[in-house]
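Look at the model below and follow one residue first, then one pair of helices.

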Amino acid sequence: MRTTVLVIGGGATGVGVARDLALRGVDVTLVERGALAGGTTGRSHGVLHSGARYAEADPDDAAACLAENRVLREVASGCLRETGGYFLQLDGDDPDYFERKRAACADLGMETTTLDGDAFRARVPEASPAVERALAVPDAVVSPSRLVVANALDAREAGATIHTHAPVESMRVADGRVRAVAVGGTVGTTVEADAVVNAAGPWAERCAALAGVSVPMRPTRGAMVAVENPGVDAVLNRCRPPADGDIVVPTPGAAVLGTTSVAVDDPDDFERSDAAVDRIVDECAAMCPAVAGMPTVRTYWGVRPLYAPDESGRDGRAISRGFALLDHEAEGAAGLVTVVGGKLTTYRRMAEATADLLCDRLAVDAPCRTAERPLPGSDDPERLDTALDAFDVDAPAG
C-alpha cells in the first residue's frame, strides 16, 4: 500500500491530523489498532476547557485552551453543549487561591463572574451549602465520540482513508529514514509513506521505539465515575490545586465525576481500584452532595499521554498539559514525527501544527482551513450519531 502520509492513532489528534492534511490535498491514510476514540479521547471527562483550570500554574497552556475553546464553539457546535462552568471555593478552601485564579483568568482576557454562595446556589440548587464563592468561567462540554466522528467524516470526504483494528507491527528504517510500516489486522500489509505521524497517545513511546527513537512518556491513569445526574447542568470544578475528585461534568443522562492521577508503567495494564472510585465520589460530593446517593451508570479509566523528557521525578499533576511536536530526523528516523501531550480541547491546534510541519517537509503550499471550516454536523448533530454506526467508535465518555 502506498500513501503520502500515514497517521498512526485514531483519537481526536490523529483524526484531526488526517482531516487537516486531507483538506490541504495531501494523500493520507490513518490506522488505529482498535476503534476510533478507543484510547484517551474516549475516556476523558469531556470538558471543553476555558483555560481557567491551568490559568495560574501554566498560563501558556491556559491561553491555548481559551483560544481553542473559542474556535471550537464556532466550528464544532454539533459536538458541544454550552453548559458554562464554575470554580467553587468551599468552606475551608484557601481564599487566596481563589483570588490567584481569578486574577490569572483576567490576565488571559477571560470574562469571569464572581458569585457568593447564595447567588451560586440559586443557579445550581444541587450545590453544597459549603460553597462560599463561585467563579463563573466559559467551560463547556464536548462529546468525544461526536468530535472524532465529525473529523473522520470530513477527512474521508476530503479523500483520507481510515482503517480501524489495524495495529502497527513494525517499522522499516533504512539510510536514516522510515521507509515502510507493517500494519496488521484489517490492513494486513506493508504501507510505504513519505511521512509517518505518531499520534498514538500514551502508546507513543512504544510506537516511536519501533523506529529506534525515544519519546519519553509518563502516562498517568485517571478514573471517571458516571452517575445518574441529580440535576447539575454546569461543569463544577473545586477551586484548589488539582487533586482527586475535583470536577463534576454534566452529560446527557449522567454526571461524570473525576478524576485521579497515578503514574502507570503500562497503558494497557494497570490497577483499577475500587478505593479510587469511592474517593472520587466522596470528594465530588463535597461540591454536590446529591451525587453520593445516585446510582452508578458506568465507571471507566483513561490514561493521559503526558510527555515528560525531564520530569520523571515529578508528580503527574505537575507535568505540563501542553503538547510536544517532535521531528525525529536528527535521531536517524527522517519522515517520522510524533505529536504527544495536550488535551482534547487543543486537539485541532495540535493537528494544525503537525500538518504545518509535514506540509513544509513535503513542499505542499496549502493553508490550514480547520479554524474556519465547520465540522460536519454543526447544523445537524443527529447526523453524527447516525455516523457512529458507520465508523467503529469506542467512547464511554459519550
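Thr345 is buried, with a relative accessible area of 1%; buried means under 20% relative accessible area, exposed over 50%, and partly exposed in between, with a 1.4 Å probe and protein chains only. This is a predicted model, in which local features need pLDDT of at least 70, side-chain atom pairs count only at pLDDT 80 or more, and totals for chains, interfaces and linings use all residues. Residues are numbered from 1 along each chain as its sequence is written, and side-chain values use heavy atoms, with hydrogens and water left out.

Thr345 sits in the loop between strand E20 (336–341) and helix H8. Helices (H or I, at least four residues) and strands (E, at least two) are DSSP runs, numbered from the N terminus. Leaving aside neighbours within four places in sequence, Thr345 is in contact (heavy atoms within 4.5 Å) with Val47, Leu48, His49, Cys65, Glu68, Asn69 and Leu72. With His49, the side chain of Thr345 reaches the backbone nitrogen at 2.9 Å.

The loop leads to H8, so to speak of its packing, take H8 (residues 347–362) with H1 (residues 12–23): their axes come within 8 Å and cross at roughly 50°. That makes H1 oblique to H8, because angles under 35 degrees count as roughly parallel, over 145 as roughly antiparallel, 65 to 115 as roughly perpendicular and the rest as oblique. Axes are lines fitted to C-alpha atoms, for helices over the stretch in contact, and angles run from 0 to 180 degrees between N-to-C directions.

In H1, Ala12, Thr13, Gly16, Val17, Asp20 and Leu21 meet residues of H8, among them Tyr347, Met350 and Leu358.

Methods:
A polar contact is a pair of N or O atoms within 3.5 Å; within protein, one must be able to donate a hydrogen and the other to accept it, and residues adjacent in sequence count only if both atoms are side-chain atoms.
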